[in-house]
Amino acid sequence: NKYFFLGTGSGCKVLETEDNNSGYIPYVCFQCLFLLWCMAPMSWNGSQIIYNKVVRPLFLRHEATVDNMVSDLSGKAMNVAENLTREGRTTQHK
């Protein structure tokens with residue numbers, strides 16, 4: 001058996017190569033290449049492409065919904081904080 005030390009974006013692993021690990025090495029190679037592409041110092045690197053083609057369009061499409069949800073949640077959090085403050089004051093005065 002041969003042992004390999006693999007450093008990936010998710011940590012470092014010592015890998016014993018056997019038949020049951022045959023699919024793992026190509027996955028790690030793909031993962032490393034993907035991360036290098038995302039961090040490459042060029043204008044068409046992976047992070048720019050993923051952001052401009054996937055993340056930003058999804059965000060813009062659902063921006064109003066997300067804003068409404070955040071507004072509702074902040075209002076509910078304020079009500080809970082006020083109720084807890086009010087309850088704390090009433091128990092202190094007893």
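**Helices, a nonpolar patch and the cysteines**

Met 39 lies in helix H1 of this predicted model. With a relative accessibility of 61%, Met 39 is classed as exposed, because the threshold for that class is over 50%.

Met 39 also belongs to a nonpolar patch on the surface, which covers about 810 Å². Its other contributors are Phe 30, Phe 34, Leu 35, Ile 50, Tyr 51, Val 54, Val 55 and Leu 58. Two elements, helix H1 (24-39) and helix H2 (46-61), each supply two or more residues to this patch. The greatest contribution is that of H2, which provides five residues.

Helix H2 itself deserves a closer description. H2 consists of 16 residues and spans 22 Å between its first and last C-alpha atoms, close to the 22 Å expected at 1.5 Å a residue. H2 nevertheless contains a kink of about 40°, whose centre is Asn 52.

The cysteines may be considered next. The number of disulfides is zero, under a criterion that requires two cysteine sulfur atoms within 2.5 Å. For Cys 29, the closest cysteine sulfur is that of Cys 32, at 6.7 Å; the separation is too far for a bond, and Cys 29 is therefore not paired with Cys 32 in a disulfide.

The accessibility of two cysteines can also be stated. Cys 29 has a relative accessibility of 44% and therefore counts as partly exposed. Cys 38, by contrast, is buried, because its relative accessible area is 15%, and the buried class comprises values under 20%.

Methods:
Residues are numbered from 1 along each chain as its sequence is written. This is a predicted model: local features need pLDDT of at least 70, side-chain atom pairs count only at pLDDT 80 or more; totals for chains, interfaces and linings use all residues. Side-chain values use heavy atoms; hydrogens and water are left out. Patches are made of residues with over 30% relative accessible area and no salt bridge: like charges are joined within 9 Å, nonpolar side chains (Val, Leu, Ile, Met, Phe, Trp, Tyr) within 5 Å. Accessible areas come from the Shrake-Rupley method with a 1.4 Å probe; for residues, only the protein chains shown count as cover. A salt bridge is a side-chain nitrogen of Lys or Arg within 4 Å of a carboxyl oxygen of Asp or Glu. Helices (H or I, at least four residues) and strands (E, at least two) are DSSP runs, numbered from the N terminus. Buried means under 20% relative accessible area, exposed over 50%, partly exposed in between (1.4 Å probe, protein chains only). The expected span of a helix is 1.5 Å times one less than its number of residues. The bend at a residue is the angle between axes fitted to the seven residues ending there and the seven starting there.
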